[in-house]
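I am opening a fresh notebook page for this one. I want to go through the backbone oddities, the charged pairs, the rings and the chain contacts in turn.

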Amino acid sequence: MQFGIFSVSDVTRSEVTSETPSEAERIEAIVKIAQRADEVGLDVFAIGEHHNPPFFSSSPTTLLAHIAAITNKILLSTSVTLITTNDPVKIAEDYAMLQHLAKGRMDLMLGRGNTVPVYPWFGKEIRDGVALALENYNLLHRLWREDVVDWEGKFRTPLQGFTSTPRPLDGVPPFVWHGAIRTPEIAEQAAFYGNGYFANNILAPNFHFKPLVDLYRQRFEHYGHGKREQAVVGLGGHVFIARRSQDAWNTFRPYFNSFSRGRNTLEEFVRETPLSVGSPQEIIDKTMTFREAFGDYQRQLFNVDSMGLPLEMALEQVELLATEVVPVLRKEIAAGRPPDAADAPTHAALVKAEYGDAEPRRPRPNQNRGDNLTGTSPYQDTNPKQRARYPKAG
Amino acid sequence: MNDATTRFLDPDELAQLRDLAVPHGHWSDRSQEGNEVTESTATDHTPPVLRIAVVSAGVSDPSTTRLLADRLAQRVLDRLHAVEVPATAALVDLAPLAVDIAQAGISGLSSTSLRAATDTLAQADGLIAATPVYKAGVSGLFKSFIDILDNDLLIAKPVIVAATAGSPRHALVADEHMRPLFAFMRALTTPTSLSVSPDDWASPELGTRLDRAATEMVHLVRARVADAIADDAWKGYQHQFAGEATRASRSATDIDFSSSLMQVAAGGSLVPRPSRDE
């Protein structure tokens, strides 16, 4: 089981100090938060992708590559990478590069994105959202697994004899989580490929996403990747922790109120949604209810830096999470885990599954192939039987 | 409101209906207990109890809108009982839910009572929807309630639309506001709607129209038109997974995996594969 934090990269005015941090300050802050999460032993740091203010993270791979360079153990991910408006070829290249630089300490989560205007900014139609997500991932999946790809689809120019570079580190593509909160097709795609499924579990009523998680589990089994209990599930969450419960409520309330703007009280929100506020024990108790409802799962991410929380407070949340909450959760969850439960995905585990004790693949290109169109064996070890189909000349 | 309002009040009739109706809650279990609706005492041969949901957006007490809704419901139940069709009614009174409705509209979080109200509608075989007319349209409370309903909730359900107004000038609100609203919800509105202004309460014509609407509803629910349409055509409507409609797909068993998007999800293509001669 992996525990970590995820951020939506919002730049939000603090309701307490009435100050809005600059983008520069928030970008610096998120790097510090990720560093601290690494130091205190959290397993995952993930950040979303947005292309509009008040969000700063338009280039998660750039940010994560930097964080990878200054951290040691923490696994880096996205929450989410837009599979609808990004070119799947560019995603394949960017994240393979990140995978090399992070030495495999990364994976990614795919989502459709929730900003309506983002589609036209990138020349896409929101009405095609689900179809774009599905088709683009189908291509991405192949680009990481086949040295030479011929492909034709509805939304992108065809590819003939195309090789995405660099090839994934150790010949093992980054692990992919499919994030969805309402779309059974996305759960189906995650299940079909045996990929992970992530339900963002915030801002919705408690256990709202259970039918989708159950659907994914059932189809994961249907496609023969393992038993439904062994499907790879991740959940989001939102916490505010203090050693004493009342301190958590009092400190968090003004930040929550500025976010909620009177729509709901903090009490209602904590009662009705997966938001946890309180002492470490209260956070632990609530998180354990997720496991009861959703079953054994592999990744729990918490948001701890939104709603205008100042950096110092976010860092304290990371520490309390890592020192007071996660160790207990690890113990309690381990105690109840079935012996054949699925492990959380890591690069090392994927390499082991692919190669056993043999050397992983490190492909070396053949020479003089600059145009990507001049042969079927781009690498010295590419299977020569794999044929490429070229555009017809004339 | 005015004398005309009270003149046609039939306290016994109303008391009976109120007793039968469950305020914005779950359907009464009384039918199982074999109390009031004796026809529905559970045996192997008992036909299922038809359920009529009554939504009233009236806010005064007593409310003309509620009165109209009650009368409609009573007539529908009476007619069904007369032909020995077991039936029960459940009332969804919107006034006590006003804050919950407003909050659900802006934050997406539904209170327990509001979820119970939605559930009542989801399970209904027929619906009586009554609203006061404010400022030449349906009340904001009524519209806000419909706004938060799952789009699938009322598909093919028979609905009587009823509006009460302070003046006959509003007579078209039921037909020009409520009908399109329920058309959007893909519901089946009865041919007769009810628009009631103060003068109408004194008119025998009102009784005739109530009877007409009730008769239309009775035939639609007895024929189980809603079930027949939904059984045959449910796939043809757009749906939300795990929605609130009783037929909403909630697991793999009720999902159509042969749809084109589901095929793409399982590695298929959106473009027909060109035939290759190799």
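**Entry 1: cis peptide bonds**

Where in chain B is P62(B) found? I looked it up in the model, which is a predicted one. P62(B) sits in the loop between β1 (50–56) and α4 (64–82) of chain B. I went there for the peptide bond: D61(B) and P62(B) are joined in cis, with omega about 0°.

Chain A has a cis bond on my list too. It joins S79(A) and V80(A), and omega is about 10°. V80(A) belongs to the loop between β3 (75–78) and β4 of chain A. I note for myself that most peptide bonds are trans, and that most residues other than glycine have a negative phi.

**Entry 2: positive phi**

With that in mind I checked two non-glycine residues. S18(A) is not a glycine, yet its phi is positive, about 60°. I found S18(A) in the loop between β1 (2–7) and α1 of chain A. Its relative accessibility is 43%, so I put S18(A) down as partly exposed.

E84(B) also has a positive phi of about 60° without being a glycine. This residue is in the loop between α4 and β2 (87–93) of chain B. E84(B) comes out at 65% relative accessibility, so I wrote "exposed" beside it.

**Entry 3: salt bridges inside chain A**

I got a count of 37 salt bridges over all chains. Side chains of opposite charge can pair when their charged atoms come close. I picked out a few to look at properly.

K32(A) and E28(A) come first in my notes; their side chains form a salt bridge at 3.7 Å, N to O. Why are these two about one helical turn apart? They are four residues apart in helix α1 (residues 23–39) of chain A, so about one turn separates them. K32(A) has 38% relative accessibility, which makes it partly exposed.

Next I went to D87(A) and R156(A), whose side chains meet in a salt bridge at 2.7 Å, N to O. D87(A) is in the loop between β4 (81–82) and α3 (88–101) of chain A, while R156(A) is in the loop between β6 (149–151) and β7 (159–162), so the pair ties together parts that are 69 residues apart in sequence. For D87(A) I have a relative accessible area of 29%, so it is partly exposed.

Then R167(A) with D147(A): this is a salt bridge with the closest N and O atoms 3.0 Å apart. R167(A) lies in the loop between β7 and β8 (176–179) of chain A and D147(A) in the loop between α5 and β6, so this pair links parts 20 residues apart in sequence. Are R167(A) and D147(A) buried or exposed? Both are buried.

**Entry 4: a network in chain B**

In chain B I followed salt bridges that share partners. They join D125(B), R224(B), D227(B), D231(B) and R247(B) into one network. R247(B) turned up again when I looked at rings: it lies over the face of W234(B), 6.0 Å from the ring centre.

**Entry 5: rings**

I made a similar check in chain A, where the charged end of R361(A) sits over the ring of Y379(A), 5.7 Å from its centre.

For ring pairs, I counted 16 aromatic pairs over all chains. F175(A) and W177(A) have ring centres 5.4 Å apart and planes at 80°, which is over the 60 degrees needed, so I call the pair edge-to-face. Both F175(A) and W177(A) are buried. I also noted one aromatic cluster formed by F240(A), F252(A), F256(A), F259(A) and F269(A).

**Entry 6: where chain A meets chain B**

Last, the interface. I find 32 residues of chain A in contact with 26 residues of chain B. Between them the two chains bury about 2,400 Å², with 64% of it on carbon and sulfur atoms.

How many salt bridges are there between chain A and chain B? The count is one. R115(B) and E272(A) form a salt bridge, with their closest N and O atoms 3.9 Å apart. I also have five residue pairs in polar contact between the chains, both residues at pLDDT 80 or more.

On the chain A side, α5 (129–145), α6 (184–193), α7 (210–222) and α9 (266–272) each supply at least two of the residues that touch chain B. The largest share of that side, six residues, comes from α6(A).

Notes:
Residues are numbered from 1 along each chain as its sequence is written. Chains are lettered from A and ligands numbered from 1 in the order in which they are written. This is a predicted model: local features need pLDDT of at least 70, side-chain atom pairs count only at pLDDT 80 or more; totals for chains, interfaces and linings use all residues. Side-chain values use heavy atoms; hydrogens and water are left out. Rings of Phe, Tyr and Trp (its six-membered ring) pair if their centres lie within 6.5 Å; planes under 30 degrees apart count as stacked, over 60 as edge-to-face and the rest as tilted. Buried means under 20% relative accessible area, exposed over 50%, partly exposed in between (1.4 Å probe, protein chains only). A charge sits over a ring if NZ of Lys or CZ of Arg is within 6 Å of the ring centre and within 35 degrees of the ring normal. Contact means heavy atoms within 4.5 Å. Buried area is the accessible area (1.4 Å probe) that two parts lose on being put together, summed over both. A salt bridge is a side-chain nitrogen of Lys or Arg within 4 Å of a carboxyl oxygen of Asp or Glu. A polar contact is a pair of N or O atoms within 3.5 Å; within protein, one must be able to donate a hydrogen and the other to accept it, and residues adjacent in sequence count only if both atoms are side-chain atoms.
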